[in-house]
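Student: I would like a close look at the empty space in this protein. Please take the enclosed spaces one at a time and say what surrounds each.

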Amino acid sequence: MSRQWISRAEALQRLDVKPQTLYAYVSRQRIAARTDPDNPRRSLYALDDIERLTQRGPRPAEDAPAVLPALSGKSALRGEATIDSDIFIAIDNRPFYRTHDSLALSETENFETVAALLWKDEAANPFGPLKPRPDVNFTGGPRARVWGMLSRRLDEDALSEQATERHLRLEAAGILNELFDAVTNGGPRLYFHQRLARAWKVNDLRDVDLIRRALVLCADNGLDAATLSARAAAVSQGPLSSPVMAGFATLSGPAMGGRVSRAEAYVTQVRRQGNPRLVAETFLRQGVELPGFEAEQSSCDALRAEALMAAAPHIGEDLKTIRAVGEELTGRPLGFTLALALIGRHLDLPKDAPFTLMGLGRSAGWLAHAIEQTETGTAPNVRLRYVGEHPLAAKP
């Protein structure tokens, strides 16, 4: 029996929810969606899925699953959170930024354009009014430079009272611009991806374009742990450097950025030993998940990875073999973390470069969520439920 499909308006009426809730159901794959054949700019929704949800009884807000998935095999987080946003949605595992297909954006757009899109900035170039700072040289590796730059901005922009008028998008542009300057030690006012290419001595135009694509594909990933941290930090109505710092801190943990580091180390180990299959089989025999082919990855990982690798047919055969062996042995598609690591080795980038690319790219999304959170002026609908022993309970 063929499925029946209904319009967005009818779906919202039947569910009696806001558009953001409908999109959340689609993102969680609880409601199937497809493109309207008569109008490619619109979507249709599966009637049977909607009827199933409306017959269950609980209201959508009460029925929402935990906001974060289980990490590293541990039990899911307790509690519930509801955050309304129109920044990101995944449909059929395909990521969209403000209704724009991010995979298509990575084909043509610069990171600056995508950042402005995420921020709903109407300026043709939000970075145009910025003047270069002379004091952009920080010591240490990329992570240390990022922390140094954000700490300085946090100190400079500290607000003792809540500002009534703030140019949030100009503030965001300044932070993003300084982040790239901190990582690259300044230089000519090129596009962001060109600044990184210059600092990393990448000259081939095809390879420079890979950096651009990676930044765009990293720009946002919906409500994961790092984004939740950024939004929580933005509740204070303080400087936007605070949410970005919170996002970076969370990304640095083993469950997120640690996957990028493990993927990079895996590629290095394979290239050193020269036998991809032997290394992969050793990992699996020891009960260790193959980096880049983990069971729990973002729903959009595979399509992002494919979009990045499709632009790199010129990478070495040894790197292509790493991917082929992993997909064969695990039966899973290449993940985005390993795609970043493979591109990093192809470009002969510094060890921390894949993490740096992800962090810089994600900063645009964190700033978008921080702006959205700041402009609402309210805290997320988060509830802490105490599950411990009652303090006044009688002791035996």
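Tutor: What follows goes through the cavities, then one pocket, then a helix. The model is a predicted one.

A search of the whole structure turns up 2 cavities of 30 Å³ or more. The largest cavity has a volume of about 70 Å³. Its lining is made up of P142, R143, V146, W147, V183, F248, S252, F355, T356, G359 and L360. Two helices, α7 (142–156) and α18 (353–376), each give at least two residues to this lining. By class, the lining of the largest cavity holds 7 nonpolar, 3 polar and 1 charged residues. With Arg counted as charged and Gly as polar, the charged residue is R143 and the polar ones are S252, T356 and G359. An α-helix has 3.6 residues a turn, so residues three or four places apart point the same way. Among the residues that line the largest cavity are P142 and V146, as well as F355 and G359.

The second largest cavity holds about 40 Å³ of space. Around this cavity are T184, G186, G187, P188, L190, R195, R198 and A199. Helix α9 (residues 192–199) provides the largest share of the lining, 3 residues. The lining of the second largest cavity splits into 3 nonpolar, 3 polar and 2 charged residues. Here the charged pair is R195 and R198, and the polar residues are T184, G186 and G187.

Helix α9 also takes part in an open space: together with α6 (111–118), α9 is one of the helices that each supply at least two residues of the lining of the second largest pocket. That pocket contains about 320 Å³ of space. Its lining has 18 residues, and E112, N125, F127, G128 and Y191 lie nearest the centre. The largest share, 3 residues, comes from α6. The pocket lining comprises 10 nonpolar, 4 polar and 4 charged residues.

Helix α18, already named at the largest cavity, has a part in covering another helix. Helix α17 (residues 336–346) has 10 of its 11 residues buried. The buried residues are F336, T337, L338, A339, L340, A341, L342, I343, G344 and R345. Buried here means under 20% relative accessible area. The cover over these residues includes α18, along with α10 (205–218), α13 (257–273), α15 (301–310) and α16 (317–330). After α17 comes D348, with a positive phi near 55 degrees.

Key: Residues numbered from 1 in each chain as written. Predicted model: local features only at pLDDT ≥ 70, side-chain atom pairs only at ≥ 80, totals over all residues. Heavy atoms only, no water. 1 Å grid on protein atoms, 1.4 Å probe; cavity = no way out; pocket = protein on both sides within 12 Å on 5 of 7 lines; lining within 4 Å. Points joined across faces, edges and corners; volume = space filled by probe spheres on them. Helix = DSSP H or I, 4+ residues; strand = E, 2+ residues; numbered from the N terminus. Buried < 20%, exposed > 50% of the residue type's maximum accessible area, 1.4 Å probe, protein only. Contact = heavy atoms within 4.5 Å.
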